[in-house]
Structures are given as structure tokens and as C-alpha cells.
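Reader: I'd like to learn how to read an enclosed space in a protein model. Could you walk me through it with an example?

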Amino acid sequence: MPVDQKSWETAVRHLFEDAYPYDATGPRRHEDWILDVLALMARVPDPRGWAGLDDPAHVPESEGFPTYPFVVHPPDYIRARLREIDRDSAENLLLALTDDCCTLTNLTRFTESEEELRVMARTVLERYGATATYHTNVDRPGAVPGTLDFTTSNWGYSPLSVYSEDCGLIVVSDTEVGMFWNFSDY
């Protein structure tokens, strides 16, 4: 069932309001969706007019730099730092992005149950449909290729920003590209 604007915006705002997020969606205009990711990093408007979250746009360092905090890189640089993951891993990753350190222990700060939070994460993903693909710069390889393992303490990521840590999820559908990113500086 398609998700409505109010449900999607409420889920995004609730899950990521305490993070330092860039959560946005842009149109998919290219077969090579990395080009749409680059446009999204430069803050192309949401094709449906739905509200995401963009904390980095409100800091003084962003003035005059439309891609801040993302560093401008060529498409091949971005492509090499992303790996495709399955939908279950994407759901877990959305929950891990709710605060620093990209871990599911972040969920303890919420008053809702884990299942209630998972419903919110599914609501976010539903916008992009059943045939969407999921990509991340996080390296927490699971036992099966294309999965992430959030029980391991060994993990890494390939930064795309000026911060010392940035982790995120890119969701690609036939018509839209979504980015859910969290930044930390230690």
C-alpha cells in the first residue's frame, strides 16, 4: 500500500530528529542513478514536495557551498564507495542511523518498542516501492552477500563528507532517489 505524505514525514522526523541528518528525496532522471545522487547532494527539490531533514544546511559552513557537508566527487568516486544491500539490512540501517555510531543500540533512547520503530522504518522505505534497491557506504558485512550484520563490533564506512564519520542509505526506485545520512565529528 502506498505511503502518504503525513505518515512518511512523521516517521522521518521522529526517527532522525535527534541525529545530525540529511534525509531527502530527489527525482530519478538518469539510468545511472549516481548522477541523481550527486544532484540530491546539491539539494534538488523533493519531486512530491515532501519535507525531509537537512540539519547541515543550517550551519555557517554551508553558506556558498550547496553540497555541504558532502564533498564534490566524480560519479566513479561515489560509486566505488557504495555497496548494494537487501531490504532487511536497509531497514536495520535506517534504525542505526537514528544517532551516532551507526548501531542498533541507538534504539534504547526511544520510548517506542523496537517493533514500533521498525514500522516507522518500513513506512520510510515504502515510499520507494517494492522494486527499490538499497545502497550504503557502511561496511558491516553479514554472512550472506548483500546483508549487514549489526551484531559485529568490526565495521567501517567510506566517507563522502567533510565530517570524520558519515554513514548512510541510498534508496533507488524507478522514479526517485532517497538519501538518509547521518554525520558525526569526533
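Author: Sure. A cavity is a set of grid points where a 1.4 Å probe fits but cannot get out, and its lining residues have an atom within 4 Å of a point. Keep in mind that this is a predicted model.

Reader: Okay, how many cavities of 30 Å³ or more does the count come to here?

Author: The count comes to one cavity at that cut-off. About 50 Å³ of space lies in the largest cavity.

Reader: Which residues line the largest cavity?

Author: Going along the chain, you meet Leu97, then Asp99, Asp100, Cys101 and Cys102. Further on come Glu165, Asp166 and Cys167, and then Asn182, Phe183 and Ser184. Strand E7 (165–172) and strand E8 (176–184) are the elements that give two or more residues to this lining.

Reader: And what classes do the residues of that lining divide into?

Author: Five are nonpolar, two polar and four charged.

Reader: Now for helix packing. How do I read a pair of helices?

Author: Look at the angle between their axes: 65 to 115 degrees counts as roughly perpendicular, and over 145 as roughly antiparallel. Here, the axes of helix H1 (residues 5–16) and helix H5 (residues 114–126) cross at roughly 125° and come within 9 Å. H1 and H5 are therefore oblique to each other, and their crossing is left-handed.

Reader: Which residues in H1 and H5 meet?

Author: From H1, you have Ser7, Trp8, Ala11, Val12, His14 and Leu15. They meet Leu117, Met120, Ala121, Thr123 and Val124 in H5. By class, that contact has eight nonpolar and three polar residues, with no charged ones.

Notes:
Residues numbered from 1 in each chain as written. Predicted model: local features only at pLDDT ≥ 70, side-chain atom pairs only at ≥ 80, totals over all residues. Heavy atoms only, no water. 1 Å grid on protein atoms, 1.4 Å probe; cavity = no way out; pocket = protein on both sides within 12 Å on 5 of 7 lines; lining within 4 Å. Points joined across faces, edges and corners; volume = space filled by probe spheres on them. Helix = DSSP H or I, 4+ residues; strand = E, 2+ residues; numbered from the N terminus. Nonpolar A, V, L, I, M, F, W, Y, C, P; charged D, E, K, R; others polar. Axes fitted to C-alpha atoms, helices over the stretch in contact; angles between N-to-C directions. Parallel < 35°, antiparallel > 145°, perpendicular 65-115°, else oblique. Left-handed = near helix turned anticlockwise from the far one by under 90°. Contact = heavy atoms within 4.5 Å.
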